[in-house]
Amino acid sequence: MEHLTCSTAKWLDKPQDARIRAILVNKWVPYTLAQQVLKFLAFLQTHPSSSRMPNLMLVEDTGNGKTHLLEHYVKTCYSVHQQSTAGEFKQHQPVLYVCAPHIPDVQLFYSFILEKLHVPVALGARTKMRLQLVGDLLHDVGVRMLIVDEIQHVLAGSPMKQREVLNMLKLLANTVCIPLVFAGIRTANHVIQHDDQLKSRFERIELPAWSMDEEYLRLLDSLEQLLPLRFPSHLSEPQLASKLLALSKNTIGGLVNVLKRLAVNAVESNEERISLKQIKRLESTPMAFWISVDYELRVNS
């Protein structure tokens, strides 16, 4: 089973349902740009406090993996509980990850942050009191970086609402002296373009659409090693790789989703490999039906 990692090959002896669940579980596959983003996030997190902290704007085409990348980074900086000199255990959370609310509202933003910090606060609490509370909590739990995903949601409000939210985030970051990481789809660039202070302090990294290059082919080889199929699929062969790129709409999220569906079908049909022949047979069928109804019934029962 040279086409599989050792841990993946172990699933071949499991029942079919277990193998299918192993296929559907999200997996982290490193690639060059993702590794560079992770290194820059680590640089931001360890940057000494200063009056002018560096920040990051991470943008992508929809489905190109930014949220999965950020969640992977946050998991590597998981919350721990450390014992203080007084003998008490204190939460330590070096990275705080939140999603921007769909409605750009300062109070709601504070509520999202407090919820992530496991602190329930009434919605009616005054904004000034919340700023002090959130700032104190971020300091107390050792937060060294604030990540705000789906930052493009800020654009859903009026210019005044947008300024209020951005001013709150700037004030919060300056109060605790931590870097900000904004992430979103391409329109997220508009969030900071009218604020000269923010624009000058943000590095910008884009996760571009994938193309038929060596990096994409290496990604296919890495993904194939994580799919517990008995026979090699040779995903990086030109014809198959090109077809998968088109089906995925040039995004890593789309690619992973397509490969999961194809791999499940390969297990159910006993073909045990992903092939052009299999794809052509399924192309006329909506992707939602690539996984059999029979499997769904067995799982639900």
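Let's start at cysteine 177. This residue follows helix α7, and its phi is positive, near 60°. Before going on, a word on the model. The structure is predicted: local features need pLDDT of at least 70, side-chain atom pairs count only at pLDDT 80 or more, and totals for chains, interfaces and linings use all residues. Residues are numbered from 1 along each chain as its sequence is written, and side-chain values use heavy atoms, with hydrogens and water left out.

Back to α7. The helix covers residues 159–176. Helices here are DSSP runs of H or I with at least four residues, strands are runs of E with at least two, and both are numbered from the N terminus. What span should the 18 residues of α7 have at 1.5 Å a residue? The expected value is 26 Å, and the end C-alpha atoms are 26 Å apart, so the two agree. That expected span is 1.5 Å times one less than the number of residues. Which residues of α7 are buried? They are Gln162, Val165, Leu166, Met168, Leu169, Lys170, Leu172, Ala173 and Val176. Buried means under 20% relative accessible area, exposed means over 50%, and partly exposed is in between, with a 1.4 Å probe and protein chains only.

Now the whole chain. The protein chain has 14 helices and seven strands. Of its 301 residues, 45% are buried. Its accessible surface comes to about 15600 Å², and carbon and sulfur atoms hold 56% of that. These areas come from the Shrake-Rupley method with a 1.4 Å probe; for residues, only the protein chains shown count as cover. Next, contacts, meaning heavy atoms within 4.5 Å. Take the contacts with a separation of 6 or more: 71% of them join residues 24 or more positions apart.

On to helix packing. Helix α10 runs from 214 to 224, and its buried residues are Glu215, Tyr216, Leu217, Leu219, Leu220, Leu223 and Glu224. Those buried residues pack against α3, α11 and α12.

Helix α11, residues 238–247, also packs with α13, residues 276–283. The angle is about 30°, and the axes are 10 Å apart. Axes are lines fitted to C-alpha atoms, for helices over the stretch in contact; angles run from 0 to 180 degrees between N-to-C directions. The crossing of α11 and α13 is left-handed. That term applies if the near helix is turned anticlockwise from the far one by less than a right angle; clockwise makes a crossing right-handed. Which residues meet? From α11 come Gln239, Leu240, Lys243, Leu244 and Leu247; from α13 come Leu276, Ile279 and Glu283. The residues of this contact divide into five nonpolar, one polar and two charged. Nonpolar covers Ala, Val, Leu, Ile, Met, Phe, Trp, Tyr, Cys and Pro; charged covers Asp, Glu, Lys and Arg; the others, Gly among them, are polar.

Some single residues next. Lysine 27 sits in the loop between α2 and α3. Buried or partly exposed? Lysine 27 is partly exposed, because its relative accessible area is 26%. Setting aside neighbours within four places in sequence, lysine 27 contacts Ala22, His68 and Leu226. Valine 256 is 229 residues from lysine 27 in sequence, yet 9.1 Å away in space, C-alpha to C-alpha.

Two glutamates have positive phi. Glutamate 150, near 55°, lies in the loop between β5 and α7. Glutamate 272, near 60°, lies in the loop between α12 and α13. Glutamate 272 counts as buried because its relative accessibility is 6%.

Serine 111 is in helix α5. At 15% relative accessibility, serine 111 counts as buried. Its C-alpha atom is 8.7 Å from that of arginine 130, 19 residues apart along the chain.

Last one: isoleucine 291, in the loop between α13 and α14. Isoleucine 291 is buried, with a relative accessible area of 11%. The C-alpha atoms of isoleucine 291 and valine 264 are separated by 6.4 Å, with their positions 27 residues apart along the chain.
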